[in-house]
Amino acid sequence: MDTRKRFKKGNGGCPSIQCEANRDVLCQSCAEGVITAAHRVEQRGVEPCLFGKGGTCCRNCNMGPCQIIEGVDSMIGVCGADASTVAARNFARIVAGGAAAHMDHGRGVAMAFLETARGETPYEIKDEVKLQATARRIGIDPEGKDKTDLAIEVGEKMLAEFGQQTGMLEFMKRAPAPRQEIWKELDILPRGVDREVVELMHRTHMGVDQDYKNILQHAARTALADGWGASMIATELSDIMFGTPVPVRTKVNIGVLKEDEVNITVHGHEPVLAEALAMAANDPEIVAECKKVGAKGVNLAGVCCTGNEILMRRGLPIAGSFVQQEVVLATGAVEAMVVDVQCIMQGVSPVASKYHTELFTTSEKAKIAGAEHIPFNEHKALDVAKTIIKRAIAKYPERGKHYIPVHQMDVVAGFSHETINYILGGRFRASYKPLNDNIINGRIKGVAAIVGCDNYKVMDEVHVELAKELIANDVLVLVTGCAATGVGRAGLLSPEAMNMCGDGLKEVLEAVGCPPVLHCGSCVDNSRLLIAATEMVRTGGLGDDIPSLPLIGCAPQWMSEKAVSIGQYFVSSGAAVIFGPNFPTSGSKVVTDFCFNEMKEIYGAGWDVAVTANEFANKMIDKLDEKRKALGLDKKQERVLFDMAMRRELGSGLPGQGCAPGGAH
Ligand code: SF4
Ligand code: MSK
């Protein structure tokens, strides 16, 4: 079902969908003639092409393309492939595409980490405590080793996992023991990060694996290599190198652009370039250049997940989520947009060309016609960053007709799994035990993750209304990616939003002063949620594996292949996932039933779909209630009050100051 509201024409003939800030900018005269994704949806329709919808069209060889209809004998592939084989192959290839994006990202971070450890970049090893904890976790004894030697050893071991051919990825050992047993029995423990994607592409080549269950099993293995492998490596090494996030106050939405400063937006996913730009932005040389052109300074603002990376670690603002990337440029107030990889619409190039805006690509993997390519290199990170910033400064005097909307919202972000451990546990009892206890006593019904993209098929309000409904029902909400920016725009990432919570959740949050919706980072940072779930299991009282936890994930506005890989690694880890419209296998009932039902038997969790916020909320709350019932938590429990003895037992584990009990750090 299409939930997208029909476009209303504004004064300037502008499409009026998604958020108010978008509408406001696109209706200004400075945006006249600008074509954005919203306009293209209007021109092409919300379903631009039906070939491939439902996952049963195949173009894996030149005897096709073949459009296959399940249950119609004459509508199978020329090679005889049926709908289940094709739907499973296509689903698996989506997982491969998404996982590969995270894997290449993770490899880039691991290489930058190693170069940093060797003193070859301007970055540093900022979180030594996490370095030591990570070393221990991957079987390296940090005792007696200096920071440099230890970081080199950790970097080499992590980087080696990408090319590893046999054995098991080190971070898989963090999962609850029963989960590891299930993976072992199913023979889906990833052997190496890259190997699983290559094998998946081979298996889904014409004439190889034609058993849909076998194909989906390997898709699960590949997704695990993403979540517990590449994504976790990227998150953990980024934290060690750039600092583990702690709560910071900042702002989101297009109104963060500034009239009197040089606006540079960083768009994409990799933190290394954005970090270098942030380091260079306050350099005296740059400040002096700004003065020369009458600007007060450089205003660095994020778009998409690069935005989430610098928001979490540096408190820099986010100008826009995925659906806002072209609109940010249509303000006419951006001197430069710097992009790296993933989720960058080609449409940004023609929009930038209408203004004085410089569009720079920086990764050899991602060039865009009309953009200037300035290759980024970690060894010369600051030089490249300064070159880009100086080019942007030179454009400031050319800023013409422009419009910066008022829309911006205060947010508190930076909830790494270490921070959740600390903030919910308190300074003297940092642990997941208070979270578990409040779930057990019923003040918190459970935990829900709203992750993933935003896109034009589903209205923005789904994220927002869903989050509101969940917190009103005492569900603690964790958000990542562009969903996080969307709920941030609506004010849900601020402690003031606790007034919207049910009484139980409100009571808990009032005691710790954190928002009811916790921003946990970018799309690779979904790996933080795996660790949070694992810590909840380890803390005790909620069963011995992830499927028993009152925990559920959803991606109402999923767009990217990465979302499918993330969803599959959640499911394979035992956390149920509800997706927004157009589940990729919907053309095959056989495969969809397998994903929705049989996966529950195999992994203890399966997929589901929903459309409206209400439907999502009902399904998610029902699922949490079901889990609570299975744990015997449907009856009223007494609240556990912590006395001094219990606090001593829990110990201390401030982020950046040591390992939390249970090894959460
Ligand atoms: Fe058609 Fe089979 Fe070729 Fe796919 S692999 S395009 S189903 S003939
Ligand atoms: S950027 S993958 S639109 S979350 Fe990570 Fe946003 Fe989705 Fe891209």
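Let me start with ligand 2, which is surrounded by 13 residues, the closest being His269, Cys305, Cys343, Cys482 and Cys523. Please keep in mind throughout that what we are looking at is a predicted model. Sorted by class, this shell around ligand 2 holds eight nonpolar residues, four polar ones and one charged residue. Two helices, α11 (304–314) and α18 (481–489), each supply at least two residues of the shell.

Where does ligand 2 lie with respect to domain 3 and domain 4? Both domain 3 (254–398) and domain 4 (427–556 + 610–652) give residues to the shell, so ligand 2 lies between them. For orientation, the protein is divided into four domains, and the other two are domain 1 (3–53) and domain 2 (76–242). The centres of domain 1 and domain 2, taken over C-alpha atoms, are separated by 38 Å.

Now to the space itself, since the room that ligand 2 takes up is the second largest cavity. That second largest cavity contains about 110 Å³ of space, and of the 16 residues lining it, Cys343, Gly452, Cys453, Cys523 and Lys562 lie nearest its centre. You will recognise Cys343 and Cys523, which are also among the closest residues to ligand 2. Helices α11, α18 and α21 (561–572) each supply at least two residues of the lining of this cavity, and the largest share, three residues, comes from α21. The lining divides into 11 nonpolar residues, four polar and one charged, and at least three of its residues are drawn from each of domain 3 and domain 4.

In total, four cavities of 30 Å³ or more are counted. The largest cavity holds about 150 Å³ of space, and it is lined by 19 residues, of which Leu478, Leu529, Ala532, Ala533 and Leu551 are the closest to its centre. What is the make-up of this lining by class? There are 17 nonpolar and two polar residues, with no charged residue. Strands β11 (446–450), β12 (475–479) and β14 (551–555), together with helix α20 (526–539), each supply at least two residues of that lining, and α20 gives the most, with five residues.

Let me turn from cavities to pockets. The largest pocket encloses about 1,400 Å³ of space, and among its 40 lining residues those closest to the centre are Pro48, Cys49, Lys457, Trp558 and Met559. Its lining has 21 nonpolar, 11 polar and eight charged residues, and α2 (37–44), β1 (57–58) and α3 (83–117) each supply at least two of them.

The second largest pocket has a volume of about 460 Å³, and Glu270, Ser363, Lys365, Phe376 and Glu378 lie nearest its centre, out of 21 lining residues. Its lining divides into seven nonpolar, six polar and eight charged residues. Which helix gives the most to this lining? The answer is α3, with seven residues, while α9 (271–281) also supplies at least two. By domain, at least three residues of the lining come from each of domain 2 and domain 3.

Staying with helix α3, I would finally point to Asp104 and Arg107, which both lie in this helix, three residues apart, or about one turn. Their side chains meet in a salt bridge, at 3.2 Å from N to O, and the count of salt bridges comes to 46.

Notes. Residues numbered from 1 in each chain as written. Chains lettered and ligands numbered in written order. Predicted model: local features only at pLDDT ≥ 70, side-chain atom pairs only at ≥ 80, totals over all residues. Heavy atoms only, no water. Near = heavy atom within 4 Å. 1 Å grid on protein atoms, 1.4 Å probe; cavity = no way out; pocket = protein on both sides within 12 Å on 5 of 7 lines; lining within 4 Å. Sits in = over half its atoms within 2 Å of the grid points. Helix = DSSP H or I, 4+ residues; strand = E, 2+ residues; numbered from the N terminus. Nonpolar A, V, L, I, M, F, W, Y, C, P; charged D, E, K, R; others polar. Domains from an automatic or database assignment. Points joined across faces, edges and corners; volume = space filled by probe spheres on them. Salt bridge = Lys/Arg side-chain N within 4 Å of Asp/Glu carboxyl O.
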